[in-house]
Amino acid sequence: MTTVDLLDVAAAARWVAERGPERIISELADALAEDFRRWPELDKRPRIASHSRDGVIELMPASDDVTYGFKYVNGHPLNPTRGYQTVTAFGVLSEVHNGYPTFLAEMTLLTALRTAATSALAARTLARPGARTHALIGTGTQAEFQALGMRAALGATQVRAWDVDPAAREKFVRNARALGFDVHEATSAEDAVAGADVVTTCTADKRNATVLTAAMLATAAPGVHVNAIGGDCPGKTELEASILTAPGTAVVTEYTPQTRIEGEIQQLADDFAVTELWEILTGQASGRTDPDQVTVFDSVGFAVEDWTTLRFVHAALRSDPAGRELLQQVDLIAEPTDPKDLFSLVATPLLQPQG
């Protein structure tokens, strides 16, 4: 019998806690860099999204010639007011040569790690050397992971945090200080951004919002880098458009056809010039060209990142005896003795001789 490895929420939480989320984010950023460098080889497409008045449900597939993967994920901004998570997800890996699934995993926790690792990769590629102060606008479920990502990538130990929800802000401050960060609980988004080397926007409202303006960004440190990670659907933005169009600003995306629909650049003309992250990582394009240049990573979350994460986590678990113990085995593959006789699995009682 062929079984499928299963990583459930409890096992994933235990693995992350024991291995350490900051270590995982750092290692995953390296794995992402490897896969971004072979970007042209990968089978890529924008996510398949089903929008409703309540939120969005999406499928996100990616593949190479060996392994196929997809993530199922939702985004429902008002869920916390009803006692639900804003985002929940699971993912699957399969072998390309026969289509058999090999790994089924929760991806709510893993998505948080993958998003932080992608931000970390972008920051270490684009941020000014010596960047240490991190402004965080939005302190919901992603915030602690983002802070750990910036510390892993840049050594950023100072965090200036703001959220319109005082409870979310207080939660983050409490957790971040326990993690060893020097936290300034900002009184506004403007206060958070002042003097920052890196600014992360990670808000959940499904609307054309302006949580970061050009005037606010002008008070940040020269050569500030922005990770705009909240945009993930049409009609949802966080940045004032003039930030993107300011002379000299470098705007970097993951997969531009998806970002033009869902990211900050949906506010701009389709011919607005951007650079994809993989082009910088392979040396085909420049990222930051001046210490005082503003750089923006317009991140919407792309399927390759989830595919990389699933492969990274599965390999890490399988290579460690303690990790293998966290995996359950699930019978998901119907395998009759004769591959052409699927009916045999249900026919035994029906084919008994009748008295």
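Start by selecting Leu 268, which sits in the loop between helix H9 (256-262) and strand E15 (275-276). The model on your screen is a predicted one. Leu 268 has a relative accessible area of 17%, and buried means under 20%, so Leu 268 counts as buried. Now add Leu 244 to the selection. The two residues are 24 residues apart in sequence, and their C-alpha atoms are 8.9 Å apart in space.

**A buried histidine**

Next, select His 134, in strand E7 (residues 133-137). Is His 134 buried or exposed? It is buried, because its relative accessible area is 1%. Draw a distance from the C-alpha of His 134 to the C-alpha of Ile 243. The viewer should give 18 Å, for a pair 109 residues apart along the chain.

**Helix H4**

Move on to residues 143-154, which form helix H4. The helix has 12 residues and spans 16 Å from its first C-alpha to its last, close to the 16 Å expected at 1.5 Å a residue. How many residues of H4 are buried? The count is 10 of 12, and H4 is mostly covered. Colour the buried ones: Ala 143, Glu 144, Phe 145, Gln 146, Ala 147, Leu 148, Gly 149, Met 150, Arg 151 and Leu 154. As you look along the helix, keep one rule in mind. An α-helix has 3.6 residues a turn, so residues three or four places apart point the same way. Then step past the end of the helix to Gly 155, which follows H4 and has a positive phi, near 75°.

**Glu 106 and Lys 71**

Select Glu 106, in strand E6 (residues 101-106). This residue is buried but has no salt bridge. Which side chain of opposite charge is nearest to Glu 106? It is Lys 71, at 9.9 Å. Show the backbone nitrogens of Leu 109 and Leu 110 as well. A polar atom of the Glu 106 side chain lies 3.0 Å from the backbone nitrogen of Leu 109. For the backbone nitrogen of Leu 110, the distance to a polar atom of that side chain is 3.2 Å.

Now go to Lys 71 itself, which belongs to strand E4. Lys 71 counts as buried because its relative accessibility is 2%. Add Asp 306 to the view. Lys 71 and Asp 306 are 235 residues apart along the chain, while their C-alpha atoms are separated by 6.8 Å.

**Salt bridges**

The whole structure holds 20 salt bridges. To see one of them, select Asp 5 and Arg 318, whose side chains meet with an N to O distance of 3.3 Å. Where do the two partners lie? Asp 5 is in strand E1 (residues 4-7) and Arg 318 in helix H11 (residues 303-318), so this pair, 313 residues apart, links distant parts of the chain. The cover on the two partners is as follows: Asp 5 is buried at 5% relative accessibility, whereas Arg 318 is partly exposed, with a relative accessible area of 44%.

Next, select Asp 35 and Arg 38. They form a salt bridge in which the closest N and O atoms are 3.1 Å apart. Asp 35 is buried, at 5% relative accessibility. Arg 38 also meets Asp 64 in a salt bridge, again listed at 3.1 Å, N to O. Why does this pair tie together separate parts of the chain? Arg 38 lies in the loop between helix H2 (21-36) and strand E2 (48-51), and Asp 64 in the loop between strand E3 (56-63) and strand E4 (67-75), so the parts joined are 26 residues apart in sequence. Asp 64 is buried, with a relative accessible area of 14%. Add Glu 41 and Arg 311 to the selection: with Asp 35, Arg 38 and Asp 64, they are joined into one network by salt bridges that share partners.

**A nonpolar patch**

For the last stop, switch on the surface and select Leu 342, Phe 343, Leu 345 and Val 346. Together they make a nonpolar surface patch of about 410 Å². Val 346 is in helix H13 (residues 344-347), and Leu 345 is in helix H13 too. Val 346 counts as exposed because its relative accessibility is 53%, and exposed means over 50%. Leu 345, at 48%, is partly exposed. Finish by selecting Glu 335, which is 10 residues from Leu 345 along the chain, with 8.4 Å between their C-alpha atoms.

Technical notes
Residues numbered from 1 in each chain as written. Predicted model: local features only at pLDDT ≥ 70, side-chain atom pairs only at ≥ 80, totals over all residues. Heavy atoms only, no water. Patch = residues over 30% accessible without salt bridge, like charges linked within 9 Å, V, L, I, M, F, W, Y side chains within 5 Å. Areas by Shrake-Rupley, 256 points an atom, 1.4 Å probe, with all protein chains shown as cover. Salt bridge = Lys/Arg side-chain N within 4 Å of Asp/Glu carboxyl O. Helix = DSSP H or I, 4+ residues; strand = E, 2+ residues; numbered from the N terminus. Buried < 20%, exposed > 50% of the residue type's maximum accessible area, 1.4 Å probe, protein only. Expected span 1.5 Å × (residues − 1). Lys, Arg positive; Asp, Glu negative; His and termini not counted. Polar contact = N/O pair within 3.5 Å; in protein donor to acceptor, adjacent residues only side chain to side chain.
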